[in-house]
Amino acid sequence: PMPVLAVVGRPNVGKSTLVNRILGRREAVVEDTPGVTRDRVFYEAEWAGTDFWLVDTGGWEDRVQGIAYRVAEQAEIAVELADAVLFVVDANVGITETDEQLLKVLRRSRRPIVLAANKVDDERGELEAAALWNLGLGEPHPVSALHGRGSGDLLDAVLAVL
Ligand code: GDP
Ligand code: MG
């Protein structure tokens, strides 16, 4: 069976944009308004000769229970189906409380985690990305899902754990 990579992160960090970048086509829905992706969408992806399922997650905007709770809950479902997790954070924003809560879920899952520091559109963002070493997830991989910067290195890191 093809290995499964779940792309998780709080709304608006660029998960769907990154999924499109990896697929090399526009399929995942990108919106400036967070929360438009359905809970889990599966795509067939390929990198360097390896086929895998790429799972875009989202759509868990919830005004009643609070966003952090819903993100964590949905991440739990997604990672259970996954062999590895691509944890996407916004390098320009840094780590928020929702990110922290999400990370607890990811750590509990015991799945390998690759950290993508997204929205590093140019060299200046590298410093913010480097600050994410603090999370204890190993090397933060700076990437610009929008422009493609760093996506090859990120995918190489993913394949190493998939
Ligand atoms: P999701 O909610 O995590 O799936 O995030 P989306 O992929 O829908 O993106 C949310 C917003 O961030 C959109 O306006 C994207 O164009 C923008 N975005 C995504 N990746 C990047 C990036 O690498 N650089 C910049 N500057 N913006 C990005
Ligand atoms: Mg999305």
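**A walk through the chain, starting from helix 3**

The face of helix 3 turned away from its buried side carries Glu97, Glu100, Lys104 and Arg108, which are exposed. That is a good place to begin a tour of this model, which is a predicted one. Helix 3 covers residues 97-109, and its other side tells the complementary story: Asp99, Leu102, Leu103 and Leu106 are buried there. Looking down the axis of helix 3, you will find these buried residues within an arc of 105°, so they line one face of the helix. The general geometry helps here: an α-helix has 3.6 residues a turn, so residues three or four places apart point the same way.

You can also check the length of this helix for yourself. With 13 residues at 1.5 Å a residue, helix 3 should span 18 Å, and the C-alpha atoms at its ends are 19 Å apart, which agrees. Just after helix 3 comes Arg110, with a positive phi near 65°.

Let us pause at Glu97, which belongs to helix 3. Why is Glu97 classed as exposed? Counting around this residue gives 10 other C-beta atoms within 10 Å, and a residue with 12 or fewer is called exposed. Glu97 also has a neighbour from elsewhere in the sequence to look at: Ala68 is 29 residues away along the chain, while the C-alpha atoms of the two are separated by 7.5 Å.

Now step back to the chain as a whole. It has 5 helices and 6 strands, and from the N terminus on these elements run β-α-β-β-α-β-α-β-α-β-α. Of the 162 residues in the chain, 39% are buried. Among contacts with a separation of 6 or more, 67% are between residues 24 or more positions apart.

The strands make a natural next stop. Strand 1 (residues 4-8) runs parallel to strand 3 (residues 50-57), and 4 bridges join them. Within this pairing, Leu5 stands opposite Leu54 of strand 3, and Val7 has Asp56 of strand 3 as its bridge partner. Strand 1 also pairs with strand 4 (residues 84-90), again in the parallel sense and over 4 bridges. Here the bridge partner of Leu5 is Ala84 in strand 4. How enclosed is strand 1 by the rest of the structure? Since 4 of its 5 residues are buried, strand 1 is largely enclosed. As you look along any of these elements, keep in mind that in a regular strand the side chains alternate between the two faces of the sheet.

Strand 3 has another partner in strand 2 (residues 40-47): the two run antiparallel and are joined by 8 bridges. One pair to pick out is Ala45, which stands opposite Phe52 in strand 3. Strand 2 and strand 3 form a hairpin with 2 residues between the strands, and Ala48 in this hairpin takes a positive phi near 50°.

Our last stop is ligand 1. Which of the 20 residues around ligand 1 come nearest? They are Gly14, Lys15, Ser16, Thr17 and Leu146. Helix 1 (residues 15-23) gives the most to this shell, with 3 residues. By character, the shell around ligand 1 divides into 6 nonpolar, 9 polar and 5 charged residues.

Methods:
Residues are numbered from 1 along each chain as its sequence is written. Chains are lettered from A and ligands numbered from 1 in the order in which they are written. This is a predicted model: local features need pLDDT of at least 70, side-chain atom pairs count only at pLDDT 80 or more; totals for chains, interfaces and linings use all residues. A residue is buried if 20 or more other C-beta atoms lie within 10 Å of its own, exposed if 12 or fewer, and partly exposed in between; C-beta atoms are placed from the backbone. Two residues are in contact if their C-beta atoms, placed from the backbone, lie within 7 Å. A residue is near a molecule or strand if its C-beta atom, placed from the backbone, lies within 6 Å of it. Ala, Val, Leu, Ile, Met, Phe, Trp, Tyr, Cys and Pro count as nonpolar, Asp, Glu, Lys and Arg as charged, and the others, Gly among them, as polar. Two strands pair if DSSP finds at least two bridges between them. The expected span of a helix is 1.5 Å times one less than its number of residues. The arc is that of the directions from the helix axis to the C-beta atoms.
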